[in-house]
Amino acid sequence: MTSEPSGRVDASEYPPAAGPIPFRRMEKNWGVDLSPGLRADLLDFTAWGEILTMYGRTMKVAVALTNSQGQILGKCHNEQPVWKLVRDASPGWAAGCPFCITTGLPCTAVADALQTGVTVMVRDQAGLTHVAVPLSLGEQPLGAIIAGQVFDRYPESLLLRRVAKEFGVSAQRLWDLASRQRPVSQGILQTSGDLLRSLGDAFLRQRYSSILEEQLAETNGRFRLLVEEVRDYALFTMDPTGRVTSWNGGAERMLGYLEAEIVGQNFSCFFSPDDIQNLVPEKQLRKALEAGEAKDEGWRVRENREQFWADVSITALLEHVGPFGGFAIVMQDVTDRKRIAIVLEEARQERTRLQEKFLSHVSHELRTPLTAIYFFVTNVLDGVLGDLTPEQREHLTFALDNVNQLKDMVSDLLDITRVETHKLIVEPRQASPVKLIAEAISTCGTNAATKNISLRFQAAPDLPLVWADPVRVRQILINLIDNGIKFTPESGTLTVACRPFAEDDGFVCLSVSDTGCGISPANREIIFDRLAQIKSGSGASRSGLGLGLFIARELVSGHGGRIWVESQQGHGSTFYFTLPVFSLAKLCSPIFTVPNLEAGSVTLITVDVVPVEGTVHADIALEIRRVLERCIHPGQDVLLPSMSGAEPVQTFFIVACTDPRGFEVIANRIGRELRTFDKDSRLKPVISSTTLLVTPDRSREEQIGEVTAGIERVVQAHPMAKERLQ
Amino acid sequence: MTGKKILIVDDDPHLLLGLTAKLKANGYEVTCATDALSAITVARKEAPDLVILDLGLPAGDGFLVLERMRRLADLVATPVIVLSARDPTDNKKRALDAGAVAFFQKPPDSHEFLSEIRQALGEEMALSSFLKT
């Protein structure tokens, strides 16, 4: 016998409690933690009270509801007078179990039930039995229902006396209180536990769904209120055909229609007649259907025919949202923003135009006096005015160098305006990087020789052709080489190299290394910026306008490559830039994005340009290219580059197109445009076509391979190509 | 001394002076005009073998001169080299279409310019055929 009071039944002292009653756990796993608010709501006693009271009355038991900490949440039916006694006697009772007449230790029935998920039956020191039924949503314990056995009898008078003594009442009083209770057998209590379990689960679920419904109704109400109150946005919905089905206050204000007027009307009435004619409303709905959402900015029309600039987003509603699906539209009137943007853009264009005009004027005006100086200096150097002393010759040579520098700067000025007006055009074609470097080196040779700098050229073997604008690549190279010469002391070395680019085999990497003073890390960051002129003490007196590397960077990025510098101070610098490798497959790839390639053919339209006399001038060839470019569908048909080897004057052009009926249209258009271009009929163009069959069920790569091989066959068979290849 | 006569049309007196000296030093006879109107008058009077033409001129631009020359029987065959400060991207094709034999942007490379003059006068051909024999 232990004299220690205990909340739990000690088997050796009391009859054994009934074992835990197994029950079926709820299957669903509630992944989200229930918020304290929702927990309190779920166990709201005003909701539970009625059913628990009814249960208690029917079953003749006392019932209580607790939260997961075992705190009693609500009054129970048939409160036992013993509790009142205990409560009155012990102020700390609130935290204790009302069913245990014990002292000190708390009753662990609720905690055990929640932890194990089973119904726990406990008998206290006084022989009172009660069950704790866990309440949980999925894995999350919420609380418990306690159903208590009404007092049967105190088993031992000794215990009765002890309890009475602890609470400070007479044993007789306690007995009187207790004996008024009606006994309930343990078996009944056990059944009661099972019943309570089912009842609790069912009621908890009902409570949960009713809370969700309440919240949903509240949200809906709030949402409706919100939609109607929104003033700055038009919010409305449409059925799948574009007829308005709902309309908020903002829409009324923005578009001018009352809800009663507009519901049932097609939303195309918000568009200008031009847009309606061009099927813009239909196209937007189709886009929204395909992509789920369509965003647009454009002019819309109010009820009073006034135009405004709208930012519109159309969302396709899924079919389960409404009975037929449809669209939700959010529209904002951003006319003010648009007006400001228009004004700013106009101002920017005007500024750029003035700047371009000014720079082009300056460059033009500088060129004429420069030419006069150039002629005078070269005349004197050529001995037109008689023989020169060595010193006179030297000074005049310096003068000529400076004139040439000025000339380059004037050209740079013009390029800068072109960068800013996006007119710095790169016209790529097949080109040999080795040849381009060789040309640049020969141009810069004199310059290097005057400083006794040796210019070296290292080219990796079997370099591929690049897809680049020869004029612009020479410009980049000359710029880098001249820079290198400028910063390399006398008798230094400058190395120009070309090799495949290790990081990406779609590019080759060209580099210019000098043995100059190097560039500090800080300067390496800004060296390609506009007007970045690095102050240096290394005897380089002047480094131009500081535009050279900026222009070089723009030109390289115009080719799709990148430029960077590596340098060790005191040990020279290396400038690298990459150029894309020429790839017929890459050029042809737009053809294969067209869905109707399933027709299984690519048609090559060959345009031979045979001048009446002489050859086609390079500029004319370029113009012809431009004419042809205008005739094809961009992004669908491809105007192939000169296929005749390096980069001589182009005399035949090939267009690859996929539409089996479209190629005649294109061929006719080419004929018409060329006749307009060549009014004097000096070029005599001949247009012919070849059809390449493509195996439809092959992979894209294999199809590209078939087409490129076919193109190469056609090119090889072409008489002009043969002539040129010889 | 080739004795061929070249007409320079340009409104910049210093450029005229410098280019005249250069051409004379290369054996050409030189005559000048400083605007579009006098260009035609001088050309008809002097009957030059070649015209070096600026585009920006007083009293009409160089294109006007080119057009007029193409309509005049005595000047239609005279080769014209355009020497202008203007941007070649816009003006080169237009000049060649209008009948010029070459376009140089100012300042031209001295050697290339003289070589083009010789070619236009048919001298370079003669030289090369002489070298071959």
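**Strand 16, its sheet and the contact between chains A and B**

Strand 16 of chain A presents a covered face, formed by A:Ile563, A:Val565 and A:Ser567, and an uncovered face, formed by A:Trp564 and A:Glu566. The model described here is predicted. Strand 16 runs antiparallel to strand 17 of chain A (residues 573-580), to which five bridges join it. Residues from both faces of strand 16 take part in this pairing: A:Val565, on the covered face, has A:Phe575 of strand 17 as its bridge partner, whereas A:Trp564, on the uncovered face, is partnered by A:Tyr576. Five residues lie between the two strands of this hairpin, and A:Gly570 takes a positive phi near 90 degrees there.

The two strands belong to an open sheet of five strands in chain A, with the order 12-14-15-17-16 and mixed pairing. Its edges are strand 12 (454-459) and strand 16 (563-567) of chain A, each of which pairs on one side only. On average, neighbouring strands are turned by 15 degrees against each other, direction being ignored. Helix 14 of chain A (residues 433-450) packs on this sheet and touches strand 12, strand 14 (493-500), strand 15 (507-514) and strand 17 of chain A. The direction of helix 14 makes about 175 degrees with that of strand 12.

Two further helices of chain A were examined for length and burial. Helix 15 (residues 470-487) has 18 residues, which at 1.5 Å a residue should span 26 Å; the end C-alpha atoms are 26 Å apart, so the two values agree. Helix 15 is mostly covered, with 13 of its 18 residues buried. For helix 13 (residues 390-420), the 31 residues should span 45 Å at 1.5 Å a residue, and the separation of the end C-alpha atoms, 45 Å, agrees with this. Within helix 13, A:Val410, A:Asp415 and A:Ile416 are buried. The elements covering the buried residues of helix 13 include helix 12 (335-381) and helix 17 (548-558) of chain A. Just after helix 13, A:His422 takes a positive phi of about 55 degrees.

Burial also extends to a loop position. A:Thr658 lies in the loop between strand 20 (652-657) and helix 20 (662-677) of chain A. With 26 other C-beta atoms within 10 Å, A:Thr658 is buried, because 20 or more such atoms suffice for that assignment. A:Thr658 and A:Phe592 are 66 residues apart in sequence, yet the distance between their C-alpha atoms is 8.5 Å.

The contact between the chains takes 18 residues from chain A and 16 residues from chain B. On the side of chain B, the elements that give two or more residues are helix 1 (13-25) and helix 4 (88-97); helix 1 gives the most, with seven residues. By class, this side has six nonpolar, three polar and seven charged residues.

Helix 12 of chain A and helix 1 of chain B pack with their axes 8 Å apart, at an angle of about 30 degrees, and the crossing is left-handed. Helix 12 of chain A contributes A:Thr368, A:Thr371, A:Ala372, A:Phe375, A:Phe376, A:Thr378 and A:Asn379 to the contact, while helix 1 of chain B contributes B:His14, B:Leu15, B:Gly18, B:Leu19, B:Ala21, B:Lys22 and B:Ala25. Seven nonpolar, six polar and one charged residues make up this contact of helix 12 with helix 1.

Definitions and conventions: Residues numbered from 1 in each chain as written. Chains lettered and ligands numbered in written order. Predicted model: local features only at pLDDT ≥ 70, side-chain atom pairs only at ≥ 80, totals over all residues. Contact = placed C-beta atoms within 7 Å. Helix = DSSP H or I, 4+ residues; strand = E, 2+ residues; numbered from the N terminus. Nonpolar A, V, L, I, M, F, W, Y, C, P; charged D, E, K, R; others polar. Pairing = 2+ DSSP bridges. Axes fitted to C-alpha atoms, helices over the stretch in contact; angles between N-to-C directions. Expected span 1.5 Å × (residues − 1). Buried ≥ 20, exposed ≤ 12 C-beta atoms within 10 Å, placed from the backbone. Left-handed = near helix turned anticlockwise from the far one by under 90°.
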